[in-house]
Structure formats: C-alpha cells, structure tokens
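Work through the exercises below with the sequence and the 3D view open. Try each task before reading its solution.

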Amino acid sequence: LRDNRIELVRASWHELSISVSDVSLSDEGQYTCSLFTMPVKTSKAFLTVLGVPEKPQITGFTSPVMEGERMQLTCKTSGSKPAADIRWFKNDKEVKDVKYLKEEDANRKTFTVSSTLDFLADRSDDGAVVSCRVDHESLNSTPQIAMQVLEIHYTPLVKIISSNSWPEEGQTIILTCESKGKPVPEPVLWTKDGGELPDPERMVVNGRVLSISFLNKTDNGTYRCEAKNPIGRNSTEYVLIVHDVFNTLLPTTVIPSLTTAAVTTTVALTASTTTSATATSIRDPNALAGQTGPDHALIGGIVAVVVFVTLCSIILLGRYLARHKGTYLTNEAKGAEDAPDADTAIINAEGSQVNAEEKKEYFI
C-alpha cells in the first residue's frame, strides 16, 4: 500500500497495524496481510465504505401560495450508499402519501434519492412547518433535516359577536366583527338592510365595532359586516330584534263569578322621571297572538251545577232509605210460599187459630 493517507501504526513479529484517514469510496475492497514464512501465511478482510447522503434540500415552493392551489414539494439528497430513506412531516406529524424515487449516480456506487409531497393549499396550512428527514445508517441515528415554512394567502373569514343576547328598548348593544385573512383584511364595512346605517348619531362605528345606543323598534333589521383583502371578500349578517321592556307587576286581584266573566285588574309600575299607576289587564308575554285566557264564568257555572245536582241526589236517596228500611214477613204470613193466596197463607201459618180471619195482615 502506497498512499499518503495510509500510515503504519504498529509493527512487530506478532502484529502489523495501519490506519487510513479521509476514507473515500475508492478505499472499499479486500485487504490482505501476509506473513513471509515457509510457506507464506495470509489473512484477508473486506472493507465496506458507506456513502454519506448530502444534506437534503426542498424545492418547488413559491411564496406566497393562494388557498386552493396545488403544491408539489420535492426533497432530494445525493451520495448515499446504500440508498437513503426520506420521510415527510407537517408540524411534527408524518405524511404518508408521498412519491419516492431512487437513481444510481454516475460512479455506479452511490444513489440519489428524491421524494415528492403533493397537496392542495389550505388556510389551516398557513404557518405550518413542512420538514424532510433523511435517515441513513451512516448518520449514527442523527438524521439530516430540511424545513420549509408555508405561507398561504386566503380570503377573510368573518364572524359577528353580540354583547347582548336579549336586547331591550333603551339599552345599548355592541356588535364586533371579527375578520381573519391573509393579507390582513382592510377595515370592515357595516350596512343595515342593504344600505347605509340610518342613524349615525346612535350607530357609531369604531374600527370593527358597531355600537348602537338607546335601542328602539326602528333598529330592528339585518346588519351586515363585510371584510376584504387583495385575495377576495367575505361577509356575514346579524339579525337584530329589539324586545319590549319587561315591567314589574303587582299581585293580581281576581273576582270570580258564576254568571259573569271574571274581572282581572293589575297596576304596573314603570320606571320614569315621575311614577305613574296604570290599570292593565294581565296577559302572558309568552302567549301567541290571538290566544285568550279561559272563561272563568263558564267554568264556575259548570262546577255549581254539578254540586247542586249532587246535593239533590243525596237528599232524595236519604229519604228513600229512611222510608224503606227493608222488606219482612209477619209471623202469621209464614208458610206463604205454598199458599195460592194470602188468606190460605194465614190459615196454613204455624200457630194459626180458629179466628185467623180476624188477624189478616197483608204486605203491599
């Protein structure tokens, strides 16, 4: 061996050692050690040199990418022997559906390996980290990694958040229009029922926030928030319904009657600069339009008739039972079962006397 990279480390009658520095693929082969005796003794060994893969590179990415476009990222590494293994990850989650290609280099000893990741760009991928990892036995369990941060442009996503789920007259409601897009959307546009806001003094727009004070029924309608950026525009709607103010009611006084309708009165106190009493009839706020309460007079009349009929029936039944406590036979009428008439029954009765005719008794 005659090479400047090969040095003699140890030489004795029992051992001969060499070292090879800066190992290359050309150093692969069979090495022979000979002992010049009679006869000559030799020992052989085959040296295998691994080809270390180059640091991988990701190609095919152009920034930015529009949402919905198809992306094809290719990871490539050369000089591996044997062929290296390539794996794809997106935010530390492995992606399995990829294409793998292996080619032999010109020296016919090493390989160039490439892998392609193909997918549609989505807004959820914006800011995601795509990495290509190369595993090989020459790397001593320390893989080589190439990374690429994705930048996806997409139209705004719009949502309206209300500060009050049950707005009432006189209150203030704040509507916040949340818009998220890339690039960042321009200031939003607020409209009502397809036109401009009708009352700028009470309907104040501050950035993405619409504030409406002193609500009344004229504020009912559909409010639209629209946001746009260079990619496109989007909008969402909020239907505002202003409800009546709930009054605090005093206890209700009900006067029942069997012949006339029940009269219901109440006094409602309303909050104002001067306290006033107003007589109103009680009405269920949850009742549907057109519905009326039950006819208390009719129900009372029916109950009275039922009670009256029941009392009369009890009195008649008592009198009947008092007058008819049961049926019975007199002593003289015993044996009347076999007699054809009442006179014969009296004569045949036990203990009958000669003058039985004077003691006749009939049961009607």
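Helices and strands here are DSSP runs, numbered from the N terminus; a helix needs at least four residues and a strand at least two. The model is predicted.

**Exercise 1. Place two cis peptide bonds.**

Task: Where is P64 found, and where is P82 found?

Solution.
Step 1. Strand β5 covers residues 57–59 and strand β6 covers 65–66; P64 is in the loop between them.
Step 2. The peptide bond leading from S63 to P64 is cis, and its omega is near -5°.
Step 3. P82 belongs to the loop between β7 and β8.
Step 4. The bond from K81 to P82 is cis as well, with omega near -5°.

**Exercise 2. Describe the whole chain.**

Task: State how many helices and strands the protein chain has, and what share of its residues is buried.

Solution.
Step 1. Counting elements gives 2 helices and 24 strands.
Step 2. The cut-off for buried is under 20% relative accessible area. Of the 364 residues in the chain, 25% count as buried.
Step 3. The chain exposes about 25,900 Å², and 55% of this is supplied by carbon and sulfur atoms.
Step 4. Take the contacts between residues at least 6 apart in sequence: 55% of them join residues at least 24 apart.

**Exercise 3. Classify S115 and list its surroundings.**

Task: Is S115 buried or exposed? Which residues does S115 touch?

Solution.
Step 1. Find S115 in strand β11, which runs over residues 111–120.
Step 2. The relative accessible area of S115 is 1%, so S115 is buried.
Step 3. Leave out residues up to four places away in sequence. S115 then touches L73, T74, C75, I86, W88, V98 and K99.
Step 4. With one of these, W88, there is a polar contact between side chains, at 2.9 Å.

**Exercise 4. Find the nonpolar cores.**

Task: Which residues have the most contacts inside the largest nonpolar core?

Solution.
Step 1. The largest nonpolar core is made of 20 residues, and M71, L73, W88 and L150 have the most contacts inside it.
Step 2. At least two residues of this core come from each of β7 (70–80), β8 (85–90), β11 and β12 (129–135).
Step 3. There is also a second, separate core, with 18 residues; V158, I173, V188 and L240 are included in it.

**Exercise 5. Compare a helix with its expected span.**

Task: How far does helix α1 reach from its first C-alpha to its last?

Solution.
Step 1. Helix α1 covers residues 296–323, which is 28 residues.
Step 2. At 1.5 Å a residue, 40 Å is expected; α1 reaches 42 Å, close to that value.
Step 3. A UniProt record, an unreviewed entry, places the feature "transmembrane region" at residues 297–317.
Step 4. Over residues 297–317 the chain is 100% helix and 0% strand, with end C-alpha atoms 31 Å apart.
Step 5. A297, G300 and G301 are buried residues in α1.

**Exercise 6. Examine two positive phi angles.**

Task: Are D22 and R108 buried or exposed?

Solution.
Step 1. D22 is in the loop between β2 (16–20) and β3 (29–35). Its phi is positive, about 50°, although D22 is not a glycine.
Step 2. The relative accessibility of D22 is 64%, so D22 counts as exposed.
Step 3. R108 is in the loop between β10 (98–104) and β11. R108 is not a glycine, yet its phi is positive, about 60°.
Step 4. R108 has a relative accessible area of 66% and is therefore exposed.

**Exercise 7. Relate sequence distance to distance in space.**

Task: How many residues apart in sequence are G181 and K228, and how many Å apart in space?

Solution.
Step 1. G181 is in strand β15, residues 173–182. At 13% relative accessibility, G181 counts as buried.
Step 2. G181 and K228 are 47 residues apart in sequence, while their C-alpha atoms are 8.4 Å apart in space.
Step 3. Beyond its neighbours within four places in sequence, G181 is in contact with Y154, T155, P156 and N229.
Step 4. Now take D199, in the loop between β16 (189–192) and β17 (203–206). D199 and I212 are 13 residues apart in sequence and 9.1 Å apart from C-alpha to C-alpha.

Notes
Residues numbered from 1 in each chain as written. Predicted model: local features only at pLDDT ≥ 70, side-chain atom pairs only at ≥ 80, totals over all residues. Heavy atoms only, no water. Buried < 20%, exposed > 50% of the residue type's maximum accessible area, 1.4 Å probe, protein only. Polar contact = N/O pair within 3.5 Å; in protein donor to acceptor, adjacent residues only side chain to side chain. Contact = heavy atoms within 4.5 Å. Core = buried A, V, L, I, M, F, W, Y, C linked by side-chain atoms within 4.5 Å. UniProt positions renumbered as here; feature names shortened; annotations may be inferred. Areas by Shrake-Rupley, 256 points an atom, 1.4 Å probe, with all protein chains shown as cover. Expected span 1.5 Å × (residues − 1).
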